[in-house]
Amino acid sequence: MDGSTATMNSQEPLVLAVPKGRILKEAQPLIEAAGILPELDFNDLDSRKLRFATNIPHLEIIRVRSFDVATFVAFGAAHLAIAGNDVIDEFNFAEIYTPLDLNIGHCRLSVAATKDLIASENPTRWSHVRVATKYPLTTRRHFASQGVQAECIKLNGAMELAPALGLCRRMVDLVSTGATLKANGLIEVEKIAQISSRLIVNRSAMKTRPTDTQYWIRAFSDAVENNRASAAA
């Protein structure tokens, strides 16, 4: 059975949500290896379109903010998606099934602070700490495990400015090379989680469209294995 046969089993289109930005660049070879070729506008950086047809009948791709991918899947607007486990863990939707690690988008979710704060403070004596982050739930869980109440200030960008300007003692954000932290006088204090991108599926779609969803899980799994074999060769 090929992809066109799998998605012809239902009248409504199957929707695959993908994140904008860096992760999408890493995901595109896997998407193509799974047999999905989006329409030309998908690769046009000047296009304002967010919804795209593909070479597979009744399979569409939508392109959304990385932090919104899990929400689209959890509420059934998309049936499958590519999302980092930072987003998956932050929202912790019961409606999301995570069958496959795609082995892309590697980074880490970490706590960071300025050199001066690290030198002058003793975190073991804290009962409360103010933290800048776009991951408030994950951050609260992390500090609660250490017996510390985290007061989270929600920021969506320029996170590195917050500790330096006295907005908070700590920040929690994704770290790849650490170059941005270093450039802004910050030091990585501890790692909360290792991050990679996963294939996620709406649980209701798994039950109502098992042929379609299982087909694409296998297709992406094969693409990941082939990518791993090519890298090792």
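These legends describe close-up views of one predicted model.

**Figure 1. The whole chain is built from 10 helices and 11 strands.** The C-alpha atoms fill a box of roughly 65 × 40 × 35 Å along the principal axes. The chain has 233 residues, and 44% of them are buried. Among contacts with a separation of 6 or more, 69% join residues 24 or more positions apart.

**Figure 2. Strand 1 is enclosed on both faces.** The strand covers residues 14–19. Six of its six residues are buried, so the rest of the structure largely encloses it. In a regular strand, side chains alternate between the two faces of the sheet. On one side of strand 1 sit Leu-14, Leu-16 and Val-18. On the other sit Val-15, Ala-17 and Pro-19.

**Figure 3. Strand 1 pairs with strand 3 and with strand 4.** Strand 3 spans residues 59–64 and runs parallel to strand 1. Six bridges join the two. Here Val-15 stands opposite Glu-60. Strand 4, residues 80–84, also pairs with strand 1 in the parallel sense. Two bridges hold this pairing. In this view Leu-16 stands opposite Leu-80.

**Figure 4. Helix 2 has a buried side and exposed residues on the other.** The helix runs over residues 22–33. Its buried residues are Ile-23, Leu-24, Ala-27, Leu-30 and Ile-31. They span an arc of only 120° around the axis, which puts them on the same side of the helix. An α-helix has 3.6 residues a turn, so residues three or four places apart point the same way. Lys-25, Pro-29 and Ala-33 are exposed on the other side of helix 2. The buried residues of helix 2 pack against strands 1, 3 and 4, strand 11 (197–202) and helix 10 (210–232). After helix 2 comes Gly-35, with a positive phi near 100°.

**Figure 5. Val-224 is a buried residue of helix 10.** Its relative accessibility is 3%, so Val-224 counts as buried. Beyond residues up to four places away in sequence, Val-224 touches Leu-30, Leu-100, Asp-101 and Leu-102. Leu-30 is one of the buried residues of helix 2. Val-224 and Ala-83 are 141 residues apart in sequence. Their C-alpha atoms are 15 Å apart in space.

**Figure 6. The largest pocket holds about 450 Å³ of space.** Its lining has 31 residues. Closest to the pocket centre are Arg-22, Cys-107, Lys-134, Tyr-135 and Leu-174. Helix 2, strand 4, helix 4 (85–91), strand 9 (170–175) and helix 8 (179–183) each supply at least two lining residues. Strand 9 gives the largest share, four residues. By type, the lining divides into 15 nonpolar, 10 polar and six charged residues.

**Figure 7. Strand 6 pairs with strand 10 and with strand 9.** Seven of the eight residues of strand 6 are buried, so the strand is largely enclosed by the rest of the structure. Strand 6 covers residues 107–114, and strand 10 covers 186–195. These two strands pair in the antiparallel sense over eight bridges. Arg-108 has Gln-194 of strand 10 as its bridge partner. Strand 9 also pairs with strand 6 in the antiparallel sense, over five bridges. There Leu-109 is the bridge partner of Leu-174. Leu-174 is also among the residues closest to the centre of the largest pocket.

**Figure 8. Helix 6 buries one face.** The helix spans residues 136–144. Pro-136, Thr-138, Thr-139, His-142 and Phe-143 are its buried residues. Seen down the axis, they fall within an arc of 160°, so they line one face of helix 6. These buried residues pack against helix 4 and strands 6, 7 (128–133), 8 (149–154), 9 and 10.

**Figure 9. Val-189 is a partly exposed residue of strand 10.** Its relative accessibility is 38%. Leaving aside neighbours within four places in sequence, Val-189 is in contact with Val-111, Ala-112, Ala-113, Ile-118 and Arg-170. Val-189 and Arg-63 are 126 residues apart along the chain. Between their C-alpha atoms lie 34 Å.

Conventions: Residues are numbered from 1 along each chain as its sequence is written. This is a predicted model: local features need pLDDT of at least 70, side-chain atom pairs count only at pLDDT 80 or more; totals for chains, interfaces and linings use all residues. Side-chain values use heavy atoms; hydrogens and water are left out. Buried means under 20% relative accessible area, exposed over 50%, partly exposed in between (1.4 Å probe, protein chains only). Two strands pair if DSSP finds at least two bridges between them. The arc is that of the directions from the helix axis to the C-beta atoms. Contact means heavy atoms within 4.5 Å. On a 1 Å grid over the protein atoms alone, a cavity is a set of points where a 1.4 Å probe fits but cannot get out, and a pocket is an open set with protein on both sides within 12 Å along at least five of seven lines; lining residues have an atom within 4 Å of a point. Grid points are joined across faces, edges and corners, and a volume is the space filled by probe spheres set on the points. Ala, Val, Leu, Ile, Met, Phe, Trp, Tyr, Cys and Pro count as nonpolar, Asp, Glu, Lys and Arg as charged, and the others, Gly among them, as polar.
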